[in-house]
Amino acid sequence: MTVFGLGLDKLGLFALAVLLLALTPGPVWIYLISRTLTQGRRAGYFSLVGVMAGVLVHLMAAALGLSALLLALPAAFDAIKLAGAAYLLWLAWSTLRGSGFSFTPQPLDPVPDRVLFRQSLTASVVNPKVAVFYLSLFPQFVEPASGPVLLQSLALGVVHVTVSTLVDGALVTVAGALSVWIARRPGWLRVQRWVLGSAFGVLAVWLAATPRHSPH
């Protein structure tokens, strides 16, 4: 069974990569927890909607860009795949050698719902890491010979948005308890760093070694 030419094995592997990334404490975690603790779950959920709306902007830009590139210069697609795998290796290395992530929620001034959405949307749209994530990971999973790159990229994007929304939504729901749990277990952050770094490294090597197919 395939989805726009994407096999379920590739979709599952992509979902796993996204899940690992979503479970990693980072700026989005700190912002959502800080906003929830300061202003309540409603504010946390509005902020989450803004973040995901920004992710959708990056998704559409990456999907349209890769599709246009493949039509204009098919040979460049393999180059992007290798560059993306190299980026994942660098990400694995920087994660493993990092000094760890300091998880410290911050108090924030309460603001109206529309401002919450606008702030989180803007922060998400201008975050270059989201764009780099899509441009480095999408080409590793799409198969130009099996179906339209645009539709495959959108399918991967739906998986990413779904997994991230579920994880971050659960984060907002249990923000208080989770922030206390993480603060009391700094060792968990170190373990998480090694697990994530190793996973990215294995993923990068596996993807770089996977035979690349040319479009018909």
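How many salt bridges does the count come to? The count comes to two, and both are stops on this tour of a predicted model.

**The whole chain**

Begin with the entire protein chain selected and displayed by secondary structure. The chain holds nine helices and two strands. Following the sequence from its beginning, one meets the order β-β-α-α-α-α-α-α-α-α-α. Colouring by burial shows that 42% of the 216 residues are buried. The exposed area of the chain is about 10900 Å², and 72% of that area is supplied by carbon and sulfur atoms. If contacts are drawn between residues at least 6 apart in sequence, 88% of them join residues at least 24 apart.

**First salt bridge: Glu143 and Lys10**

Select Glu143 and Lys10. These two residues form a salt bridge, with 2.8 Å between the closest N and O atoms. Glu143 belongs to the loop between H6 and H7, whereas Lys10 belongs to helix H1; the pair thus links distant parts of the chain, 133 residues apart. Are the partners buried or exposed? Glu143 counts as buried because its relative accessibility is 14%, and Lys10 counts as buried because its value is 12%. Side chains of opposite charge can pair when their charged atoms come close.

**Second salt bridge: Asp113 and Arg42**

Next, select Asp113 and Arg42, which form a salt bridge with their closest N and O atoms 2.6 Å apart. Asp113 is in helix H5 (residues 113-125) and Arg42 is in helix H3, so this pair ties together parts 71 residues apart in sequence. Asp113 is partly exposed, with a relative accessible area of 23%. Arg42 is exposed, at 55%.

**The largest nonpolar core**

Now hide the surface and turn to the interior. The largest nonpolar core has 39 residues, and those touching the most other members are Phe14, Met52, Val55, Tyr134, Leu137, Phe138 and Leu156. Several helices give two or more residues to this core, including helix H1 (8-22), helix H3 (41-72), helix H6 (128-141) and helix H7 (149-173).

Select Phe138 and display its surroundings. Which residues does Phe138 touch, not counting residues up to four places away in sequence? They are Phe14, Leu59, Leu66, Phe133, Ser153, Leu156 and Gly157.

**The aromatic cluster**

Keep Phe138 on display and add Phe14, Tyr134 and Phe141, for these four residues form one aromatic cluster. The count of aromatic pairs comes to three. One of them joins Phe14 and Phe138 in a tilted arrangement, 6.1 Å centre to centre and with 55° between the planes. This pair links distant parts of the chain, Phe14 being in helix H1 and Phe138 in helix H6, 124 residues apart. Phe14 counts as buried because its relative accessibility is 0%, and Phe138 counts as buried because its relative accessibility is 0%.

Shift the view from Phe138 to Phe141. Phe14 and Phe141 form an edge-to-face pair, with centres 5.3 Å apart and planes at 75°. Phe14 lies in helix H1 and Phe141 in helix H6, so the pair ties together parts that are 127 residues apart in sequence. Both Phe14 and Phe141 are buried.

**Gln152 and its surroundings**

With Phe141 still visible, select Gln152, a residue of helix H7. Why does Gln152 count as buried? Gln152 counts as buried because its relative accessible area is 0%, and buried means under 20%. Leaving aside neighbours within four places in sequence, the contacts of Gln152 are Phe4, Gly5, Leu6, Phe141, Val142, Glu143, Ser146 and Gly147. Two residues from earlier stops, Phe141 and Glu143, are among them.

**Out to the surface**

Restore the surface and select Leu16, Leu19 and Leu23. Together these residues make a nonpolar surface patch of about 240 Å². Leu16 lies in helix H1, and Leu16 is partly exposed, with a relative accessible area of 45%.

The last selection is Val202, placed in helix H9. Is Val202 buried or exposed? Val202 is exposed, with a relative accessible area of 57%. Add Leu88 and draw a distance line between the C-alpha atoms of the two residues: the separation is 9.3 Å, although Val202 and Leu88 are 114 residues apart along the chain.

Definitions and conventions: Residues are numbered from 1 along each chain as its sequence is written. This is a predicted model: local features need pLDDT of at least 70, side-chain atom pairs count only at pLDDT 80 or more; totals for chains, interfaces and linings use all residues. Side-chain values use heavy atoms; hydrogens and water are left out. A nonpolar core is a set of buried Ala, Val, Leu, Ile, Met, Phe, Trp, Tyr and Cys residues joined through side-chain atoms within 4.5 Å. Buried means under 20% relative accessible area, exposed over 50%, partly exposed in between (1.4 Å probe, protein chains only). Helices (H or I, at least four residues) and strands (E, at least two) are DSSP runs, numbered from the N terminus. Contact means heavy atoms within 4.5 Å. Patches are made of residues with over 30% relative accessible area and no salt bridge: like charges are joined within 9 Å, nonpolar side chains (Val, Leu, Ile, Met, Phe, Trp, Tyr) within 5 Å. Accessible areas come from the Shrake-Rupley method with a 1.4 Å probe; for residues, only the protein chains shown count as cover. A salt bridge is a side-chain nitrogen of Lys or Arg within 4 Å of a carboxyl oxygen of Asp or Glu. Rings of Phe, Tyr and Trp (its six-membered ring) pair if their centres lie within 6.5 Å; planes under 30 degrees apart count as stacked, over 60 as edge-to-face and the rest as tilted.
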